Each structure stands twice: as structure tokens, then as C-alpha cells.
Amino acid sequence: MTKVIKTPYYLIDKSKLLRNLERIAYVREHSGAKALLALKCFATWSVFDLMNQYMDGTTSSSLNEVKLGKLKFGGETHAYSVAYADDEIEEVLAHSDKIIFNSISQLQRFADASATHVRGLRLNPQVSSSEFIIADPSRPFSRLGEWDAQKVEQVMDQISGFMIHNNCENSNFELFDSMLGQIEERFGHLLERVEWVSLGGGIHFTGEGYPIDRFCDRLKKFSDRFGVQVYLEPGEAAITMSSSLEVSVLDTLYNGKQLAIVDSSIEAHMLDLLIYRQPAKMEPCDGPHSYMVCGKSCLAGDIFGEFQFDQELKIGDRLSFIDAAGYTMVKKNWFNGVKMPSIAVRQLDGQVELVRQFNFDDFVNSLS
Ligand SMILES: *Cc1c(COP(=O)(O)O)cnc(C)c1O
């Protein structure tokens with residue numbers, strides 16, 4: 001029997017992770033694309049020993065992430081950041097195989113420092129798949145990448161590749177296909193002149209029912225047409241549906257609705273959902289007892305969502321929010337001093353292992 005772990009904790013299930021990883025491996029094999037984990041979505045390095053057997057490496061958004069990727073994941077390490085500071089660049093280069101600059105001006109600022117490095121530039125094709133303006137790299141006046149092909153033309157001798165990230169949880173293959181078509185049309189003459197192109201993340205190709213063979217075919221055609229090595233940078237797609245946030249009920253009350261308060265907080269432990277105004281997810285249940293499940297921070301809107309249960313909830317009941325890997329652990333914070341969830345891993349043999357706990361000292365050390 002596994003030891004009872006105290007809630008709250010994130011539970012990463014390696015066998016569920018494996019399902020995504022096997023799909024990624026399939027895409028690599030059938031499309032020729034390489035797959036890099038986007039660390040900004042998921043940086044829980046204790047499962048990298050499994051992930052790095054199925055993926056080619058990592059991509060990053062900062063000096064800290066590029067170092068984590070190099071030191072804990074291995075393989076190919078791509079460095080990208082919206083902007084590098086002068087005192088970061090040497091270390092970024094030392095920990096990466098490729099560096100992708102967000103702007104021509106960053107490329108020029110670090111032209112000498114990076115002269116012997118493999119360099120790329122982020123393109124912004126100004127085509128969008130997101131309904132959320134906050135997550136849309138193609139929003140008006142976007143700072144994410146260069147969009148003027150004529151300007152890019154002038155620095156072609158300094159770069160050997162491009163990165164284009166403009167999908168956002170896009171589960172619609174037709175939309176991906178048409179967006180890629182627009183990219184080909186607009187930047188085709190430049191794509192022909194580089195050796196590699198990263199198509200970024202945000203493509204939900206590990207999801208149930210995604211036409212994975214058509215996707216592979218499309219990537220292969222793109223790669224053949226321009227003679228480039230294609231990279232994918234899955235974040236969410238690599239870890240989707242692999243983890244949960246395990247919590248306990250601390251109190252119940254009735255204020256016109258049945259309410260249950262749990263030992264966690266959506267603001268502190270699943271912040272991404274709050275930003276996008278989305279409810280947390282539980283295993284579907286259509287039982288007769290309806291509860292609004294709330295967090296224990298003082299934020300009035302600290303609400304995970306409304307769920308149906310088979311039985312009335314009582315203090316001490318365990319609840320499990322599913323699909324809690326992406327953009328959760330990387331965004332957790334000490335708001336209200338709420339107890340930081342531990343991190344546990346269900347190994348492939350079913351054993352659950354507690355891999356990290358946080359205590360008062362961690363809270364203290366996060367501030368001064
Ligand atoms: C966010 C991001 C990713 C990963 O996106 P997901 O939606 O999590 O797949 C990949 N590449 C870049 C450049 C990103 O900004």
C-alpha cells in the first residue's frame with residue numbers, strides 16, 4: 001500500500017504521460033519533425049527521465065529555463081526569449097545549441113556575442129487561432145516576432161532558421177493547415193533560404209481524435225517543399241490529461257448554494273484557469289448533489305467551479321481536479337500563504353512517490 005500523502009498535492013501519472021509521449025514519438029517518426037518540450041508550460045524535472053526518451057530536447061523562454069533544459073533534460077536545447085539582457089547572453093549561449101531572437105534589434109545587439117552560434121529569428125505571420133486576445137501572438141501591435149518580410153530579408157545572412165509560434169490549443173487540423181498555408185504564401189521565399197523552421201507549440205495533436213496522420217503528412221510536405229528540418233515545441237500537448245491536483249474538503253456551507261471549501265486555491269495553484277476565466281475539471285459525474293467548490297484564499301472569486309457529486313460532501317473528503325499539469329506548477333505562488341501543494345509522481349509500476357514538499361521556510365525564502 002502506498003503511504004497516504006497529505007493534500008494538497010499535484011499528482012503526475014507517468015502512464016498517462018506516456019500516452020502523449022508515444023503520440024509525439026509517432027509524429028516524429030512519421031513526419032520527420034523533431035519535438036522539443038516547451039518548459040514554460042511544464043518544468044517538473046523529476047519526470048524528464050521519461051520524457052527525454054520520447055522527445056528531442058527542450059525550448060525555453062528565459063535564462064533559467066534554458067539552463068534547466070540543458071542540465072535536467074539534455075538533448076537539443078533551444079534558447080528563446082522575448083528579450084535578453086546584456087548580462088544573460090553568455091550563459092544563454094553556453095547552455096544552448098540554437099538561439100532564436102525575438103527581434104532584428106536583439107539579433108543585432110548580440111550579433112558579435114553569438115557570431116559562432118546557430119541563430120534564428122521569430123517570425124510573426126499575423127494569423128491567429130486564439131479566441132483569447134491575451135494569448136494571441138498575432139494580436140494588434142504584438143511584440144512577438146518580426147512580420148515584415150522585407151526587413152527580415154536584410155538579416156538572412158545572419159540566421160539559419162525561423163521560429164513561428166501562433167497556435168494556441170488549436171485542436172482543429174483544418175485551421176492549422178490553412179494557417180500554415182498562409183505562412184508559406186507570405187514567407188515562402190525566405191523559408192527556402194533556411195535550414196530549420198520551428199512551428200512552435202499550441203497544436204493539440206495528442207488530443208483524442210486529432211487526425212495525426214494528416215498532420216504528419218502536412219509537416220512532411222512543408223519540410224520537403226522548403227528543404228528544412230521542422231521542429232515542434234509542444235507544451236500542453238506533451239502533458240495534457242496526465243496530472244491532477246489532489247485536495248481535501250475543509251468546510252461546507254450553504255449560502256443559497258451548497259459550497260465546499262478545499263485546502264487549495266485556484267488563484268495560487270491553478271492560476272491559468274483564473275486568467276482565462278475557465279473552471280477546473282473533474283472526472284464527469286452527474287450525481288444529484290451540486291456544489292460550488294471554492295479555494296481557501298480570501299479572494300472572493302477563488303472558485304474552482306460547480307460540480308455534481310454522487311454523495312453529499314463532508315469535511316475530509318478527497319477531491320481531484322484533473323488535467324492539472326500544464327501552466328499550473330510553473331505558475332503556483334504563495335498568495336495568502338496557502339500551503340504549497342507537494343508534487344507526487346505515480347510511477348509506471350503504480351507506486352506513488354512523493355518527490356517534493358514545501359514548508360514554511362520555502363515561503364519565507366520566497367520573500368525577504
Ligand atoms: C507557449 C509556447 C509554446 C508552448 O505552447 P503550448 O500551447 O503549451 O503548446 C511553444 N513555443 C513558444 C515560442 C511558446 O511561446
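Domain bounds, for anything I say this morning, come from an automatic or database domain assignment. With that in place, the protein is divided into domain 1, residues 14–238, and domain 2, residues 243–324 + 332–366.

A quick word on ground rules, everyone. This is a predicted model, in which local features need pLDDT of at least 70 and side-chain atom pairs count only at pLDDT 80 or more, while totals for chains, interfaces and linings use all residues. Residues are numbered from 1 along each chain as its sequence is written, and side-chain values use heavy atoms, with hydrogens and water left out.

Let's start with how the domains meet. Their C-alpha centres lie 32 Å apart. The contact, meaning heavy atoms within 4.5 Å, takes 12 residues from domain 1 and 11 residues from domain 2. Buried area is the accessible area, with a 1.4 Å probe, that two parts lose on being put together, summed over both. Here that area is about 870 Å², and carbon and sulfur atoms give 66% of it. Which three residues supply the most on the side of domain 1? They are Lys 14, Phe 132 and Ile 134, which supply 45% of the area that domain 1 buries against domain 2.

What about charge and polarity? A salt bridge is a side-chain nitrogen of Lys or Arg within 4 Å of a carboxyl oxygen of Asp or Glu, and across this interface the rule finds 0 of them. A polar contact is a pair of N or O atoms within 3.5 Å; within protein, one must be able to donate a hydrogen and the other to accept it, and residues adjacent in sequence count only if both atoms are side-chain atoms. By that rule there are 2 residue pairs in polar contact across the interface, both at pLDDT 80 or more. Helices (H or I, at least four residues) and strands (E, at least two) are DSSP runs, numbered from the N terminus. Helix α1, residues 14–31, gives the most to the side of domain 1 that touches domain 2, with 3 residues.

On to the ligand, friends. A residue counts as near it if one of its heavy atoms lies within 4 Å, and the residues surrounding the ligand include Lys 40, Cys 41, His 165, Glu 233 and Tyr 327. How far is the side chain of Tyr 327 from the ligand? One of its N or O atoms is 2.6 Å from an oxygen atom of the ligand. The backbone joins in too: an N or O atom of Gly 235 lies 3.0 Å from a ligand oxygen, and one of Glu 236 lies 2.9 Å from a ligand oxygen.

Back to salt bridges, this time over the whole structure, where a search finds 21. One of them joins the side chains of Arg 346 and Asp 13, at 3.3 Å from N to O. That pair links distant parts of the chain: Arg 346 is in strand β15 (residues 342–346) and Asp 13 in strand β1 (residues 9–13), 333 residues apart.

Last, some backbone details to check on your own screens. Most residues other than glycine have a negative phi, and most peptide bonds are trans. The peptide bond from Thr 7 to Pro 8 is cis, with omega near -5 degrees, and Pro 8 sits in the segment before β1. Glu 169 has a positive phi of about 45 degrees, in the loop between β7 (161–163) and α7 (173–191).
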